[in-house]
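Okay, thanks for coming, everyone. I'll walk you through one structure today, sheet by sheet. Have a look at it first.

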Amino acid sequence: MRLISWNVNGIRAIQRKGFTEWLEKERPDILCLQETKAHANQIPEEIAHALDYHTYFELGVRKGYSGTGLFTRIKPKTVKTALGIEKFDCEGRIQIANYGTFELYNIYFPNGGQSKERLQYKMDFYDAFLAHLKKRKRSQKNLVICGDVNTAHKEIDLSRPKENEMHTGFLPEERAWIDKLLKAGFFDTFRMFCDEPEQYSWWDYKTKARERNIGWRIDYFFVSREMEKMVKNAFILADIEGSDHCPIGIELEV
């Protein structure tokens, strides 16, 4: 089973850059999108009914902001869109698809760069989500988490760690949350297979950083410890353009 996650930075914008052609070629079993920036009724028809996928879209109260999308060949038993905390649920950042043998979280984690208040919001979201996972793990052992986490974990995960150690996305408290997630019984799937530097998933548009591979790895697939042996591969599709992020993925045997 091939799963891909991609922050598309606007699903209508990326459609104009060949999204459905890419999807027809790639044909993942499950595709999770973040930052779709569109309500379900704004999704182009050719995307909403792409190939033979079941599609689900979630957007918050604020128009043209945030949002998640799920394309799946296997119809989930349920798809939920809330943690049960209004200040988080209203931004359309969460899709939880239960497939029986495992549960998939498609999450667009907040960016903390706009203000101190938004950084606190991000950290509160992190803490609430981890508390949710720990509780959920008592009854559902097989958990997959994917999405734009908006934090690089270690120095190897961004081009210029020293210059960014006091900037959001690489702050000690943000990085420490990923440590907590791993300690709670989850694996960073990409680092299960690759320990090389210069492996990134986001590049700044304004500075044309992608041309020089001055990037950050801030998009992840995490799996619970119980699923470790089910993960057969993890990858970054750095050559796929159209967004300031590129797709990432894993291959599961479930």
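Before we start, one term: two strands count as paired if DSSP finds at least two bridges between them. And keep in mind that this is a predicted model.

With that, let's go to the start of the chain. Strand 1, residues 2-7, pairs with strand 2, residues 30-34, in the parallel sense, and there are five bridges between them. If you want one spot to click on, take Leu 3: its bridge partner in strand 2 is Ile 30. These two strands belong to an open sheet of six, in the order 3-4-2-1-14-13, with mixed pairing. At the edges you'll find strand 3 (54-58) and strand 13 (231-236), each pairing on one side only. From one strand to the next, the twist averages 10°. Now look for helix 2, residues 19-26: it lies across strand 1, strand 2 and strand 4, and it runs at about 160° to strand 1.

Okay, on to the other sheet. This one is open too, with six strands in the order 5-6-7-8-12-9, and the pairing is mixed. Strand 5 (78-80) and strand 9 (186-188) stand at the edges with a single partner strand each, so one side of each has no neighbour in the sheet. Here neighbouring strands are turned by 20° against each other on average, if you ignore direction.

Let's walk in from the strand 5 edge. Strand 5 and strand 6 are antiparallel, with three bridges, and Lys 80 sits opposite Ile 96 in strand 6. Strand 6, residues 94-98, then pairs with strand 7, antiparallel again, over five bridges. Ile 96 turns up here as well, standing opposite Tyr 105 in strand 7. Strands 6 and 7 form a hairpin with four residues between them, and Gly 100 in the turn has a positive phi of about 85°.

So how many residues of strand 7 are buried? Six of the six, residues 103-108, so strand 7 is largely enclosed by the rest of the structure. As a general point, side chains in a regular strand alternate between the two faces of the sheet. In strand 7, Glu 103, Tyr 105 and Ile 107 point one way, while Leu 104, Asn 106 and Tyr 108 point the other way.

On its other side, strand 7 runs parallel to strand 8, residues 143-148, with six bridges joining them. Glu 103 is opposite Leu 143 there. Put helix 5 in between and you get a right-handed β-α-β unit: strand 7, helix 5, strand 8. Helix 5 lies across strands 6, 7, 8 and 9, at about 180° to strand 7.

Helix 5 (residues 116-136) also packs on helix 7 (residues 172-183), at an angle of about 5° and with the axes 11 Å apart. Angles under 35 degrees count as roughly parallel, so that's what we call these two helices. The contact includes Leu 119, Tyr 126 and Phe 129 from helix 5, and Trp 177 and Leu 181 from helix 7. Sort the contact residues by type and you get eight nonpolar, no polar and five charged.

Last stop: Asp 157, in the loop between strand 8 and helix 6. Is Asp 157 buried or exposed? At 2% relative accessibility, it counts as buried. Among the residues Asp 157 touches are Arg 191, Tyr 200, Trp 216 and Arg 217.

That's my tour, thanks for listening!

How values were computed
Residues numbered from 1 in each chain as written. Predicted model: local features only at pLDDT ≥ 70, side-chain atom pairs only at ≥ 80, totals over all residues. Heavy atoms only, no water. Axes fitted to C-alpha atoms, helices over the stretch in contact; angles between N-to-C directions. Parallel < 35°, antiparallel > 145°, perpendicular 65-115°, else oblique. Contact = heavy atoms within 4.5 Å. Nonpolar A, V, L, I, M, F, W, Y, C, P; charged D, E, K, R; others polar. Buried < 20%, exposed > 50% of the residue type's maximum accessible area, 1.4 Å probe, protein only. Right-handed = clockwise from strand over helix to strand, strands pointing away. Lists of a residue's contacts leave out its neighbours within four places in sequence.
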